[in-house]
Amino acid sequence: RRPALVWSSLFILICIHASKTVRRNADWQSEHSLFLSGLNVNQRNAKLYNNVGHCLETQGKYSEALSYFNTAIKVEANDIGAYINVGRTQTQLGMYEEAERAFRKAKDLLPKPPFGEGYEARVAPSHLNVFLNLANLISRNGTRLEEADKLYQEAIRMRSDYVEAYINRGDILIRLNRTREAQDVYEKALQLDDANADIHYNLGVVFLEQRQTSRAMLSFDKALKINPRHEQALLNSAILIQEEGGPQKRKKAYHR
């Protein structure tokens, strides 16, 4: 009788662990449910609220995501990433004034160099995104392009290898019709990332604005060498070939 009792106890134990495993697998079947399970255990963890918000954001559930990001701020008032998340989500919801306030709060929380010193502050790349997000937001207003440009310059001062800030600043300078400065900015970006097809393409656009068609074509060709499917480079190079060349070149343009 004792062996039967042992086997019965073992069977019950296996069933208990199996049920726990099923519940755990249900919790872990998605990142969303995993992070929610974490919140059931610890409701004072801002990172978990941010993670749930990110999951909802990727599903296009911006209002729900915003609620979790705001809760993350309540849990940790100095969470730079949470303020960036709030601003980004509010931008998606068309809450532009609120988004600007959130981005500016995140920016204010970034470490600042001591007065009079020109060192580069080492800031997490994800936190530096606040400059891009804020500048992109305010550049929707054509009268605030100079303000957006200053934000990109500030980001570059904080991190001189911030390629995306150079790219975005170049775009703003083109809109401001300051093409010579845009050229310098894109050329600096290429020193940092010469394998970026978009930078070569953007530089080609600058050369087009300056009516330097041969240099524009060279830049478009470099972009296409890196990414043969770069649609804008294909289109603009084809237009240039058609406008500048004879019948043979027009045939080449057609194939592009």
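## The nonpolar core

The largest nonpolar core has 67 residues, and the members that touch the most others are Phe103, Val130, Phe131 and Ile199. Helix H7, spanning residues 125-138, is the top contributor to this core, with eight residues. This is a predicted model, so read each statement here as one about a prediction. In soluble globular proteins, nonpolar side chains tend to be buried together.

Take Val130 as an example. Leaving aside residues up to four places away in sequence, Val130 touches Ile84, Phe103, Ala106, Lys107 and Leu110. Phe103 is on that list. Phe103 is also among the four core members that touch the most others.

## The overall fold

What is the chain built from? It has 14 helices and zero strands. Read from the N terminus, the order of elements is α-α-α-α-α-α-α-α-α-α-α-α-α-α.

The protein chain has 256 residues, and 40% of them count as buried. Its accessible surface comes to about 15,500 Å². Carbon and sulfur atoms hold 51% of that surface. Now take the contacts with a separation of 6 or more. Residues 24 or more positions apart account for 44% of them.

## The listed repeats

An unreviewed UniProt entry lists "repeat: TPR" for residues 46-79, 80-113, 163-196 and 197-230. That label comes from the record.

Two of these stretches can be described in the model. Residues 46-79 are 79% helix and 0% strand, and their end C-alpha atoms lie 8 Å apart. Residues 163-196 are 79% helix and 0% strand, and here the end C-alpha atoms are 10 Å apart.

## Two loop residues with positive phi

Asn177 is not a glycine, yet its phi is positive, at about 65°. Where does Asn177 sit? Its place is the loop between helix H9 (163-175) and helix H10 (179-192). Is Asn177 buried or exposed? With 58% relative accessibility, Asn177 is over the 50% cut-off, so it counts as exposed.

Arg211 also has a positive phi, near 60°, and is a residue other than glycine. Arg211 lies in the loop between helix H11 (197-209) and helix H12 (213-226). The relative accessible area of Arg211 is 75%, so this residue is exposed.

## Salt bridges

How many salt bridges does the structure hold? There are 13. One of them joins Asp149 to Arg169, with the closest N and O atoms 2.5 Å apart. This pair links distant parts of the chain: Asp149 is in helix H8 (residues 145-158), Arg169 is in helix H9, and 20 residues separate them. Are these two partners buried or exposed? Asp149 has a relative accessible area of 2%, so it is buried. Arg169 has 13%, so it is buried too. The cut-off for buried is under 20%.

A second bridge runs from Arg159 to Asp161, with 3.1 Å between the closest N and O atoms. Arg159 counts as buried, at 19% relative accessibility. Asp161, at 38% relative accessible area, is partly exposed.

## A bridge within one helix, and a network

Arg180 and Asp184 form another salt bridge, and their closest N and O atoms are 2.6 Å apart. Both residues lie in helix H10. They are four residues apart, about one turn of the helix. Arg180 is partly exposed, with a relative accessible area of 49%. Asp184 is partly exposed as well, with 39%.

Which residues are joined into one network by salt bridges that share partners? They are Glu146, Asp149, Arg169, Arg178 and Glu181. The Asp149 and Arg169 pair linking helix H8 and helix H9 thus appears again here.

## Confidence in the model

The mean pLDDT of the protein chain is 86. Of its residues, 80% reach 70 or more.

Some stretches score low. Over residues 9-13, pLDDT stays under 50, and the model has zero contacts for them beyond four places in sequence. Over residues 24-29, pLDDT also stays under 50. For residues 24-29 the model has six contacts beyond four places in sequence.

Conventions. Residues numbered from 1 in each chain as written. Heavy atoms only, no water. Core = buried A, V, L, I, M, F, W, Y, C linked by side-chain atoms within 4.5 Å. Buried < 20%, exposed > 50% of the residue type's maximum accessible area, 1.4 Å probe, protein only. Contact = heavy atoms within 4.5 Å. Areas by Shrake-Rupley, 256 points an atom, 1.4 Å probe, with all protein chains shown as cover. UniProt positions renumbered as here; feature names shortened; annotations may be inferred. Salt bridge = Lys/Arg side-chain N within 4 Å of Asp/Glu carboxyl O. pLDDT = per-residue confidence, 0-100.
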